[in-house]
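Hi there,

Here is the structure I said I would pass on. Have a look at it first, and my notes follow below.

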Amino acid sequence: MAIAQFMVLLDLTIVNVALPSLRADLSLSQEELLSVISAYALVFAGFWLLGARLADLLGRRRLFLVGMVLFGSASLLAGVAGTPEQLIGFRCVQGLGGALLSPAAFGLATALFPHGRHRTIALSIWGALSGLGATFGVVIGGALVDTVSWRWVFLVNVPIAVAVIALSPVLLTESRVPVLGPRSFDIAGALLGTTGLLAIVLGIVRADALGWFSLPVLLLLEAGLLLLVVFVRVELRAPAPLVPMSLFRARAMTGLMINMAGNGATLLAFWFLISIFLQEARGETALVTGLYLLPVGITGSVGAITASRFLARHGIKSVMVGSALLSAAGLLLVSQADVRSSYVTTLLPGLALFGLGLIGTQTAGQISAVAEAGPDEAATAGGVVSSAGQVGCVVGLVLASTAATHQMNHLVAPVPRLLSRSPVGSDVDYRSPLLLPC
């Protein structure tokens, strides 16, 4: 299950190092290039809660397998896509597959291990592999882009998906939430919650091209907010709600959602900007870029294990604040780099600190969300904070892309877009965009 989660998060970052090759091969516009990344995260975030509820009702192993089949098939089709529209469409299907298999896997993990030490250890391993997945995405992607083709950043998922599908019936037992009486499904809540999230995230994505105060963007954002308000009202009255509002009686849950959203925003904005900086500004190959970013995953794994141990001794607030400060310190160090900076003295310390704090925050958030909820709501609580993190990913990516494009156009005018190559060693100050995730 952790390997499946590794693959899902790997796909969130693996595409970043392939951006220059994608742009050249498929003649992608700036908006299409952004959509290749955001389409996956958008659908993943929008359907996560729905996937969690379906897994509870229909069986977690069953939905895990359905999601894996969708994910593997979409990866194959994305790898052979011939147009930008095809690639973006298959990325959406990938996101849907991830939104089904990821909450099902999380539910299976929480059902397998009782509340307490064993569950904390299991979720620490989960968090460590999640961090490694996000980091190894750029390493594996870089190797594949340099040695074979950008198409293999998608095709690499296919053999992993086949192996997981083959092993799941042997290794996993079926699990679902026990329900007294007939099983009911909150159709109204599912439609309102999913549509509201999608409208808001799509509005944010479109803001990059149309502007934040354009009529289509404002309509999408207003419609999304209205749908979510109605969603809350429906959930308060539903006999079997998609998201039990009792979860939010504790202020800690709301705080965790905000923290995880900020963590997600930082994560994807950082990968997007640092991949472009290393390849387009410093002239590194995709493989070298991936290797340069490997310390984030290594220290992230340490951060996941350390955070889980510190939670019992120091509490959630101390661990979250400490981890966030480590991330911010790392980002500030990285933001001081320019095209002439030494990797060892400038980039490496910052990357190591960033990974340590970022994955520490993520793991602490997941463990605390599950601990706050009752036994039957653990998977839903994990789903809520994970969904907040995925929405944050899309928001962070769009804000970073918008602000960085504006800043780079100002610095290197009349260059029309962020990914237009500037000569290595030029006097353009790339540090300004790299400050954004801080």
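How many residues does helix α3 have, and how far does α3 reach from its first C-alpha to its last? Keep in mind that this is a predicted model. Helix α3 runs over residues 30-58, which gives 29 residues, and it spans 41 Å between the end C-alphas. At 1.5 Å a residue you would expect 42 Å, so the reach is close to that. Still, α3 has a kink of about 45 degrees, with Trp48 at its centre. Most of the helix is covered, with 24 of the 29 residues in α3 buried. Right after α3 comes Gly59, whose phi is positive, at about 115 degrees.

Now for one residue within that helix. Glu32 sits in α3 and counts as partly exposed because its relative accessibility is 21%, while buried would mean under 20%. Leaving aside residues up to four places away in sequence, Glu32 touches Ser27, Pro84, Glu85 and Ile88. There is also a C-alpha separation of 9.7 Å between Glu32 and Leu87, which are 55 residues apart along the chain.

The other thing to look at is a helix pair. Helix α1 (residues 2-13) packs against helix α5 (residues 84-112) at an angle of about 150 degrees, and their axes are 11 Å apart. Because of that angle, α1 is roughly antiparallel to α5. Their crossing is left-handed. On the α1 side the contacts come from Ala4, Gln5, Val8 and Asp11, and these meet Arg91, Gln94, Gly98, Leu101 and Ser102 in α5.

Cheers

Conventions: Residues are numbered from 1 along each chain as its sequence is written. This is a predicted model: local features need pLDDT of at least 70, side-chain atom pairs count only at pLDDT 80 or more; totals for chains, interfaces and linings use all residues. Side-chain values use heavy atoms; hydrogens and water are left out. Helices (H or I, at least four residues) and strands (E, at least two) are DSSP runs, numbered from the N terminus. The bend at a residue is the angle between axes fitted to the seven residues ending there and the seven starting there. Buried means under 20% relative accessible area, exposed over 50%, partly exposed in between (1.4 Å probe, protein chains only). Axes are lines fitted to C-alpha atoms, for helices over the stretch in contact, and angles run from 0 to 180 degrees between N-to-C directions. Angles under 35 degrees count as roughly parallel, over 145 as roughly antiparallel, 65 to 115 as roughly perpendicular and the rest as oblique. A crossing is left-handed if the near helix is turned anticlockwise from the far one by less than a right angle, and right-handed if clockwise. Contact means heavy atoms within 4.5 Å.
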